[in-house]
Every structure is written in structure tokens, then in C-alpha cells.
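Please open the structure in your viewer and keep the selection tool at hand. We shall go from one selection to the next, pausing at each stop to see what is there.

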Amino acid sequence: MKPAPFAHVRPATVAEVVEALAAGADLDGGAKMLAGGQSLVPLLAMRLAAPSLLVDLNALPSLRGVAADGPDAVRIGALTRHADLLVQPYSVSGADLVAPGATGGALRNENGLTGPGAGAGDMPLLAEAARWIGHTAIRARGTFGGSLAHADPNAEWPAVALACDAELAVAGPSAERTVTAHRFFHGLLQTDLADDELLTSVRLARPRAWAFTELARRHGDFALVLCVVTELDAGWRVVLGGVAGTPVRCPSAEALLDAGERHPAAIAAAVAAAPEAEAFSDLHASAAYRRAMAAELAARALRDLRPGPGAAPVLGTEHVSSAALDPQNRAVTPPSPSASPERAGTLAVTLNVNGRHRAAACEPRHTLADVLREQLGLTGTHLGCEQGVCGACTVLIDGEPVRSCLTFAVQAEGAAITTIEGLAGPDGALHPVQDAFSRCHGLQCGYCTPGFVLTAVHLLATEPAPTRPVIREALSGNLCRCTGYTGIVDAVESAAGSMGGGGAG
Amino acid sequence: MTGPATAPSAGTSDGVGASPRRKEDRRLLTGNGRFVSDLQLPRMRHVAFLRSPWAHARIAGIDASALDPHEHPVFTAESPGFDVSLRALSALPGYVTTDQPPLARGTARFAGEAVAAVVADDRYQAEDALERIEIEWEPLPVTVRAWTDEALAADGTGVGRSPAPEPVPAPVHPEAPDNQLLSRTFEAGDVDGALAGSAAVVRRSLTTNRHGGNPMEGRAGVALYTDDGHLTFWSGSQVPHLVRNLLAEILDMPESRVRVIAPDVGGGFGVKAVLYPEDLALCLMARSLPGTPLKWVEDRAEHLTAACAARDHHYELTAGFSADGRLTAVAADAWCNVGAYSVYPWTAGIEALMAGGLLTGPYKVEHYRCTVRGITTNTTPAGPYRGVARPATVYAMEALLDSGARALGLDPVDVRRVNLIGPDDVPYRLPTRLVDDTGHYGECLEAAADRLDLAGLRAEQARRRREGGRPIGIGIACYNELTGLGRAASAGPRMPFRTGHEACTVRVNPDGRVLVLSGVTSQGQGWETTAAQIVADAMGVALDDVEVRYGDTDQVLWGFGAFSSRQAVIAGGAAHLAARAVREAALRLAAELYEANVDDLRLEGGRVYVAGSPEPVGSLADVARVAYLESNRLPAGFEPGLDATRFYDPVMGAFAAGVQLAAIEIDPATGELTILRWVCVEDAGRAINPQIVHGQVAGSIAQGIGGALYEHLVYDDDGNLRTGTLLDYLMPTSAEIPEMDIGHIERPADNPLGVRGVGEGGTLGPAAVLAGAVADAVGIDVDELPITPDRLWLALQAATTDGTSR
Ligand SMILES: Cc1cc2nc3c(=O)[nH]c(=O)nc-3n(C[C@H](O)[C@H](O)[C@H](O)COP(=O)(O)OP(=O)(O)OC[C@H]3O[C@@H](n4cnc5c(N)ncnc54)[C@H](O)[C@@H]3O)c2cc1C
Ligand code: FES
Ligand code: FES
């Protein structure tokens, strides 16, 4: 399961992206944009997609972040990671987000960075929805824009976008344009984007009240069905995901809410009868079940309505100069992963692994996992699925757990990579997490173990005293076939204790 | 809360009965594991297989002319040497032997079957090359299910006597025009008479879901043939000696020139106890390319479509009960989908014969009739998977008992109590003539009920029924796990070999430290540690001074490998016997050297003591030095060296008792099922390493839960696998698997170590427990697995509309 060859280019501005897309359009396999790679790379690995050119958006840090867009809306950069939206209030750096055609309506602070309290404030609906997306490692890489562009009907963001009257800013060869969410989603994995267009940012109305409910087979799976209910200035929105090829609104239910009806059963009945809730059957659920669950989730949403917070605090913000609208000027902050010219064939790549600079010769299509294993001899990183699901290949990149099977080695240049080989002390002393795995029998065959250990190291760095349920949730992006997880959870709990976190349930 | 029920057996701090840190842990935790997929050799090249996109199709032509044959050698069934086949043999009357070619020959019989193979410098380029091979296909009609509605209707009676199967339009193998590769009827007593005289007769019709082992490391192999005629095959195999034996036979090579090495293996669960066509193909290719090591690592997509799966069964069941809940008779018809080929060496009979042989489980049944069949279809071959057939048969048996209890208005636990084989009944001869010599089921059941707080949960259940609240239900599974099968009860269906024994060599090196060469292999079971504990204890040396090697056919005399919960019983027995023998030899020599009576000597911590004196007179190292380096000091009649090899065969086997109970809660609005509590009590005999035993039980329960609630290999009518990635084939994560309360009763078995096997038992319970718990909670019989929210909700809807919910 390895991608076909492609050339890789990492533009630093939106204009360069558009240029690269135009150039790539003439190639045999065309061009494709790479954002978080959490949906695209599995397709490349299965060779269901085989573009000739991969236009990597990850050198556009100006597209990562959340900003207030007027008092009643937020603007989210297309490159904003799912994880960025989990932590409130939003204070993500590097956001330089403006509405296309705006003349000073958008907000950002002096240096292009939004500091604590000076960002987009809260939008708890986004944090709640982000929680449901995959697992830590998926959320660390996957992007808001990538999810919308991928347009999986069972995904969270498309439904949220529809429920917040999203306006999607699209850049292309001609002038930037804005598409409403309503018009953006055409069908299963189909959007309004042309091959030479990219999504740059999305404006979401801030709901006055909201609820998000979802059913999934396992923790972190795509939704079987989900329901987002919002109260916007423009009225109520009831949006269902997972019933049709795109997220759908339920006008009859919305009309009831607009008319003041708040009874969960009434709304559920409207959803159950709505032609929009006409559902499909697949492996995981029948149409009848999906439709019924849409109604059930709508009822639950009504019971669970929560107030949206007030408008964003307008602190230290200023009007954007029109200069910021010039795509060439977008990268006001120095991009951390620098732009790179188009590269193909075998390349010399330098990776910073476990504190050492290691040289490798690889093609753009070589995954970080394969380069670590095959070229650098770091075979502790294992492959169990090459689809991002099993977590065996998890490594830390700049401290964050990342699927090395979904990351290309060329993308990891300049970052600090930690693999399982880098955890023990220089004297060979095991890291407390490694030690606890051994003490608590947290491993049997040991194949899944490196991924679990690194995920646990990250967990304990962010949450020093997790309870057992928290540990179980945090590790749910890693599969172990041997242990039944008991020993692993014991180990992480014990490591927390020995690392000073202690006191966990 | 999750500790063992009883104190570990007495022993030294790291000997038998203790849980020292595992010897294998450090390398696995630091990224220094030695998995086949990690292996790199000079000149190594990589192999990728082109697999059939059709479930059943004739191969009209293969065109690889777009590839440079030097750069990318391509192999097909037409390549020199590829005219050989795997033929799994069985002496079962009526068994149809079929060929499994290394690469599909003439016809592809399942989607995912390897048709061609290509060599390249890395896997990326190998997959590039696959795209340049053209195959012309002529699709054939496809069979996906092993039973037809007509067959079920024709039988329907569930009395173990169904009509003969009919010829089908496009049989999978010409040798079996009706697709039936085997059938056997087990019969004891007078079923019809007993049923006629029963107070209640219940029928169930159950379908279990195909799923598979999915070890986190897929299959992997590196084959190197050198031009001096030696083949080395590194393989993630559970059965390296069997692999050597067969490769030598098929390749017509002396066994001494074939070496199979199974280093660290990332999980097996039975899936890797098979010799696969890809393995054979890889070795044949290596023979064609002498000097070039060829590596193939199975990816997950390949694993899901081409590694053997299991548990695709249908059961028509009837049971009779007396008024007090005693089983009067059990009759059954079972259809097992064996997939497209009879897997080597276990044959297409592996599941069907196990199903018929152990269906009645730990319950006393005198009158029994069961017809089982293995039906070939255009799906991935079925093979051994942890628990072989019994997760399905335990589900079947417990479903009958639940239905019986309900029909008679009896408490379901009481119905188990009166039917379980008890200590007074042993030795108990099962209706299939196997002998159960344990009878500790009742004890496990009572202990499990206490740990679950059954009485408290029943009260809560009643309260919720009265006052409202999500329904809760309790499910029960009692099972007997036949472990460590000796020659008289050997695993597998009458194959031309018996897997009852295992060899072990224990060698004292000149420095007095001990090397153990064991015939079984390990895929995570911690054998390196367990074997060392056994030997350290039996010899009287420190655990640190014992090294264990396994998995290399050049190092180890003989072993069948790891399957069928046989490691501890058989290989443990062999290790113990060999260690005792070396200890004796060392002491005999010591007696001469120290001029003492051998009966007064003992070995402890590697030192030699004479009775009555607290100070050692010498050490094992001193003795070993003489044995190897100072032959001038060897007394007359002593050979140099200090080692012993012993085989062990338990002849029968050791039944391990197990009971699982769980409480679940159902959300009727969504059909979601939440596990509230899970209890398992097993009799694993004497636990050599309680922590490892615990881990085996927990891991196997988790796999059982996966099979009951999530995992399903789904084929469409054209034979395409629709669950070809781990986003569709759902394995449970830490968020789905509950905390488990695992208890042990230790009733030593009749073998040198008093042990029983524990590898599989846990998988046997969950399907029965969860299906039973659903019925208990909401009165809906679960007749089909897995139990999904969708199915449960639909059943609840149907029950509400037609009022059938009890
Ligand atoms: C194990 C696993 C579990 C997951 N679970 C969930 C889940 O529960 N819910 C969920 O919603 N998602 C889930 N995902 C998918 C994940 O959220 C992806 O991150 C997301 O769907 C795509 O975002 P990406 O940034 O990774 O995009 P990529 O994979 O990089 O790209 C996806 C597609 O969008 C295009 N694209 C990306 N960015 C742009 C842009 N700015 N403009 C135009 N086109 C663009 C790409 O060309 C490509 O076609 C899961 C993924 C994995 C591997
Ligand atoms: S998640 Fe990368 S190999 Fe499974
Ligand atoms: S220890 Fe084997 S997969 Fe986790």
C-alpha cells in the first residue's frame, strides 16, 4: 500500500498555490492539494488517487488560525488543525484572516498574532464538534479546510459549516469568491471547488444557542448520524450529517423552532418526516436506522441546547490594512515550514530525529514511516495499516503525536521528530512510561507498543493526572490486538503516578 | 480489582508462580524488536503480489511484457517450479482433497487471491510494476454463502439430519460439484426418543459473523536461496518446523538445507499457524533468484482480503429439557464457510469438526446428534483463529440454555448449575467421546456470580423494570477449553501428523548459565519469560541466568509451534523435564567432584549445597567448567558437556474451565449497548506467571467482544470484500473494551507443572454473554452476530410493533 510517484511543491503564498495548481493541471495525473493529509494520504496509499503533483499547503501558516470577523462571526483559516479548535478561547497564532473583498472589516492584532483574550473568543460549538473527530494524532494534523474540501457527509465540519451559515472563501485563477455552505456541498465527496481553486478561510456565524449530537460506532469514528442545531441571527438551523451525500438542513424543523416550538418531540417528529432525512444504507447502518437516529439526535439536541457565548472581546485588534488583502503579502509571519520549489525524483532530505540530524535520500512519495524504518534503521516505528487507523506508526513531531504513515518525509524536514528509539535516557534508563509498560504488562507482542508509548508520553505531557476513562479515550486512536488494553491503561495510570502526576482515579 | 482471585502459587520471587518483568520487554519497548518486517539484508529486493479483483474468474492471459524481466522479474503459475501445490490432507471419510497453488492457476477462486508476483528494489516500485501487468479475465458465477435458504428450509428441523447438498452451477473446485469438502455426523444416544420425552423443546437458528485475527503485524517473510542449495526463510510463523517440513517436501530439498526462522512476531492468534500460498511463492521465487533475499510484508488491505478468517457459520439447533431444566438431548446442523481453499495443514475441516466435537461444552448431554459440513465458497479461506469454532458453539449452547430456562420459567443460572459437569462427574465422557477430567465449572460460576454481584444486579434490573430506566441484562457463558492436546486428542482433523508433543533442550554453558532451546514459538505470549521461569525453578538457578531461544529450526530440535493453547502444557512440560534431567546430570557430576552422596546435594541459585551445611560447596559454573573444559577431571563414565533434550506429550489434554458473566445496559432509543461490568473466572491450573495469564485472558476477551459487537468481514453478492480497510473492519479500542474483573481458581492439572492452557478461553465467552445479556435485558433473541446498534434497534422496533417483546 504505497503511493504512486508524484512531484511535491510547497508554495508560501496563496498565489503560488494557484499557480502550481494551474501548472499541475496539464500533467497526466493532474495536481492535488495536500493539507493535513489525513484523508488524502490513505487514498494515495491505496492508489485510489494518483496525482502527478502534490501542492502542499503546509507552508501557508497565515491560513492557520481563528479570528473574530465582526462581532457575530468567526473566521477560520483553511489550514487550522482540528486540535486548534479544541482549546478555548481561541488564541491561535499566525492567523491573518480576512474576508475576500473586505475593506477593513476583519480583525487581527498588531503583529499578526492573536494573544490570549485577544483572539476570536469562544465558540464552544467548534470545540464540541472537534472532540468527535478521530483521535489526538488525527486532530493534530487534519485541517478544517481539508475536511470541508473532502466533503465526507459523515464528517463533523461540513455539518457545522452548514449550521453556521458558513461563507467559504475560495481563491483561484480569477478573483477570490465566496460560496455559501449551502451551495458548496454538491454530493458525496463533491464540492463547488474547481480543480484550480483552494479554500482559504471560512466565516461562521456565531450561534446564540447551539447543540451538537452524534452517534458513531466506536469512539472517534466518522459519525453514523449527527445533528447540529444552532440559533443564528438569521434564524434556527437544524442540520443532519450522515443521512445523505451532503449535510442537509431540515426546513420544517427550523420553521417550528423559528415559530417558538421548543419541544424535543415536536422537532424530532418534524425531522422524522422531513424529506431531507431520506437516508442511505451502508455497511454500518440501514436507512431506516439513520432516519430514526436523525430524529432522536434532534430531540437530544433540543434537550441539550446550550447558550453561545457573547461576541468576541474586541481587545488589541485593529482594522486590517488593504495591503493584507494582497495575496502576495499574506505571509506576514515567517512561515515555519519554508516554501520549497517543485521537487521530484530522489531527493536529499535531512531529518532531525531524536536530536540528531540524519540524511536520507528519498522520493516525495516516501512516507516518514518508511524513511525512518528503511533508511535510518529506526525500525521501532511500525506499520499496521498505512491508513492512519491503527496508530502503530505514531511518532512525535514537535511534541505532537502524528501518524508517520500519513506524513511524507519531505514534510518533516525542519521539525523535531521523536521516535521510540529516542525515549530512553542516554544511560539506557527507560522513560517512566516505558518502564510502566513493562511493570504493568502493557505489552505482549510489542508491535503496537511504540505507538502507544509515544501517545501516552504526549498525553501525560498535556494531562499529568488523567483518570482511567480519560486514558482510555486518549489512547483510542491506537489499536492493540493482544492486551485487551487492561495492562496498557494500568501502565499509563502508573506512569502518571511515578512522573508526579499521581492521584489519578 | 483486577488482581488474581487467589494468591499466586508459592515459588521464588521470580520462579513459577511469580510475575517477574518479561525478558522480551526491554527490546520491544525501546524499538529494538526483531520483527521479520524489520529485517534488512544485503542485496535484498521486495515482492508485491497482484491479486484477483474477481471472486471467481478464469485467467485467460497474463501480459507482463511492459516490464523489463531483469529489472522486474514476474512470476505466475506458469513460471518454472510453480506447478506445485499445497494439499491439506485429512483421513476423514468423504473428505475432498483440493489443491491450493502458490499463485492462482487457471482460475482465481476469491477476490484477493495472488495471481502474479513481481520483484523490485523497494515496495513502492514493486507496486508501480504491478500496474503494468495486464490480466485478461473471464468472470464465473460466484458463491459467497455456505448455506442456502433452501438448504435451511429443507432441514429446518434442526435435528442433525439434513438432506444431501445439490450440485451447483459453478463449483469452486471441480472435485466437489456440490461445494461440500467434508461432512461428519456426531451421534450418541437416542436423540429422537429423548426429545419426544422432554418437558420442553427449544429451537434456535443462529448465524455467526466472519471475522479474523488481524494481528497488528501482518504476515511477513524474507526468503533467501543460496546457490549452494540452502534456503533460509524468515517468517512470522507460529509453526516454523511444520513450515520447514513442508517446504522441503514441496521444493524437494533435504530438510537439513531448509531453515525457517520466526523471530519476534507481532501477534498471531492462529492466522499465522498456516502455510500460505504467498509463503510458498516467495520461496519458489527465491529459488529462481539465488543470492537475492526476497522480502514480502503483507499490508492491511492484503491481510483483510487474503489472510485466513473464521467463524462464518450457521447453526440450526434443537434442545430438549426435563421439567427441572436438565438437558435431555441436543441436535444440531452446522454449516461452516471454509472459503475458497482448504488451508494447510489444518484443512477445511478445522472449524466444522471442532464445532461438532465440542458443541455441548461443559454441559452433561447424553443424547447428541450433530451434522457439520465444510462448504467451499468464493471467499477468503477460513482457518484457525483463536478459539476455533467455539466462540460460535458456546454462543449456540448458551442460547439453547437461555431459551430452555425461559420456556420452563427457570432461573438461567440454575439451569447452568444443574447441567454443568461437576467434580463428582469426572472423568466425564462427552457425547463425542472426549473425556473431561476437570469439573470445576460450577466453582467458576459461583465465583463469577459473586464478583459480578449478580443478586445486586438482579435487584437493580427489577427496579428499573418497575420504575423505568434503561434496561439492563445479564449474560452468561460457561466453557471448557481443551488445551495442550496430546497425541490422543491431537489438534486438527485427522491430519497425517500428530501435534501432541514438543521438544526442549536445556543446556548449561561452561559459565554455568543456562540456555533453553524451545520448540514452540511466541507471538506475544511471553514464552521467553515463562520458559525461563520453568527452567530456573526446575534447575535451581536464577532467572537472569536463563536465556531462552525459539523459532529457529536450526537451533531447536523439533516443535509444532504455538497454537491451540498448548505452550504452557506441552512446551512447558518439555522444558521442565529437560531442566530436571540436566539438573540431575549436574548433581551426579557434582557428587563425584565434591565426594558427596548425590541425594544429599541440591542446586539453588546456581550453587551446589550439601544437606546440613549452609555454605555452598561449589557452583553450577564449577561443575560446568569441568564438564566442558577440564575433561581431565571428569570421573570415569561421564561424557563431556551438560545438556539434555526431552520431548513431552500429555497424551490426553487438559480442560481449562471458564465462566464469563457481564451486565450490559441498552439504550432503546439508539440500540446502543454499554457494558457495565465484565467478570471472568478461569481455572488455568497452576499459573506459571499470573500477570501473563491475566494478560492472555484480558486480550482474548477483548477479541471476543470485538467479534460479538464490531468485527465483520462483509462480502457483497459478487464476492467483493466490503470491509477492506480498518475504517470499515472495526476492531475495538481502549474506549470500547470495558474494565475487566478477572479471577482465577487454580486447580492443578495432571501434568508435570499442573498447568492448563489459557490462550484461547477468553474468546469463547463474549458472543454468548452479550447475546444472552441482550435477551435478558429486552427479551429479544439475538440470532445473528455481530450485535450492532442498527440491528438491535430494528429488532426492538419490530418487537414493539408486533408486541413480541417479552
Ligand atoms: C483514523 C482516522 C479517523 C478519522 N476520523 C474522522 C472523524 O471522525 N471525523 C472527521 O470529520 N474526519 C475524520 N478523519 C478525517 C480527518 O478529519 C481529515 O483530517 C479530514 O477529513 C481532511 O482534512 P486534511 O487536512 O487531513 O485534508 P487532506 O487529507 O490533506 O485533503 C483532503 C482533500 O481535501 C483537499 N484539500 C485540502 N485542503 C484544501 C483546501 N484548503 N482547499 C481545497 N482543497 C483542499 C485535498 O486536495 C484532498 O482532496 C479521520 C481520519 C483518520 C485517518
Ligand atoms: S496508523 Fe500508520 S500504520 Fe496504522
Ligand atoms: S501488544 Fe501485540 S498488538 Fe499490542
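Select chain A and look at its contacts: among those between residues at least 6 apart in sequence, 67% join residues at least 24 apart. Keep in mind throughout the tour that this is a predicted model. If you now colour chain A by secondary structure, you can look for its 15 helices and 23 strands. Switch on the surface of chain A next, and you have about 16300 Å² of accessible area before you, of which 54% belongs to carbon and sulfur atoms. Beneath that surface, 63% of the 505 residues of chain A count as buried.

Stay with chain A and select A:Cys250, which counts as buried because its relative accessibility is 0%. Which cysteine sulfur is closest to the sulfur of A:Cys250? Select A:Cys227 as well, and you will find that its sulfur is the closest one, yet at 8.0 Å it is too far away for a bond, since a disulfide requires two cysteine sulfur atoms within 2.5 Å. A search through all chains gives zero disulfides. One further cysteine to select is A:Cys393, which has a relative accessibility of 3% and therefore counts as buried.

Now move to chain B and colour it in the same way by secondary structure, where there are 19 helices and 30 strands to follow. Zoom out until the whole chain is in view: along the principal axes, the C-alpha atoms of chain B fill a box of roughly 90 × 75 × 45 Å. A compact globule with 806 residues would have a radius of gyration near 28 Å, so the 28 Å of chain B agrees with that expectation. Of these 806 residues, 67% count as buried, while the surface that chain B exposes comes to about 26400 Å², with carbon and sulfur atoms supplying 49% of it. If you highlight the charges of chain B, you will have 70 positive and 104 negative ones, whose mean positions are 3 Å apart.

For the last stop, select strand β28 of chain B, residues 654–667, and within this strand pick B:Glu665. Is B:Glu665 buried or exposed? B:Glu665 has a relative accessible area of 14%, and therefore it is buried. Leaving aside neighbours within four places in sequence, show the residues in contact with B:Glu665, among them B:Arg464, B:Arg470, B:Glu672 and B:Leu676. Finally, add B:Trp346, which lies 319 residues from B:Glu665 along the chain, and draw the line between their C-alpha atoms, which are separated by 40 Å.

Key
Residues numbered from 1 in each chain as written. Chains lettered and ligands numbered in written order. Predicted model: local features only at pLDDT ≥ 70, side-chain atom pairs only at ≥ 80, totals over all residues. Heavy atoms only, no water. Helix = DSSP H or I, 4+ residues; strand = E, 2+ residues; numbered from the N terminus. Rg over C-alpha atoms; globule rule 2.2 N^0.38 Å. Buried < 20%, exposed > 50% of the residue type's maximum accessible area, 1.4 Å probe, protein only. Areas by Shrake-Rupley, 256 points an atom, 1.4 Å probe, with all protein chains shown as cover. Lys, Arg positive; Asp, Glu negative; His and termini not counted. Charge placed at Lys NZ, Arg CZ, Asp CG, Glu CD. Contact = heavy atoms within 4.5 Å.
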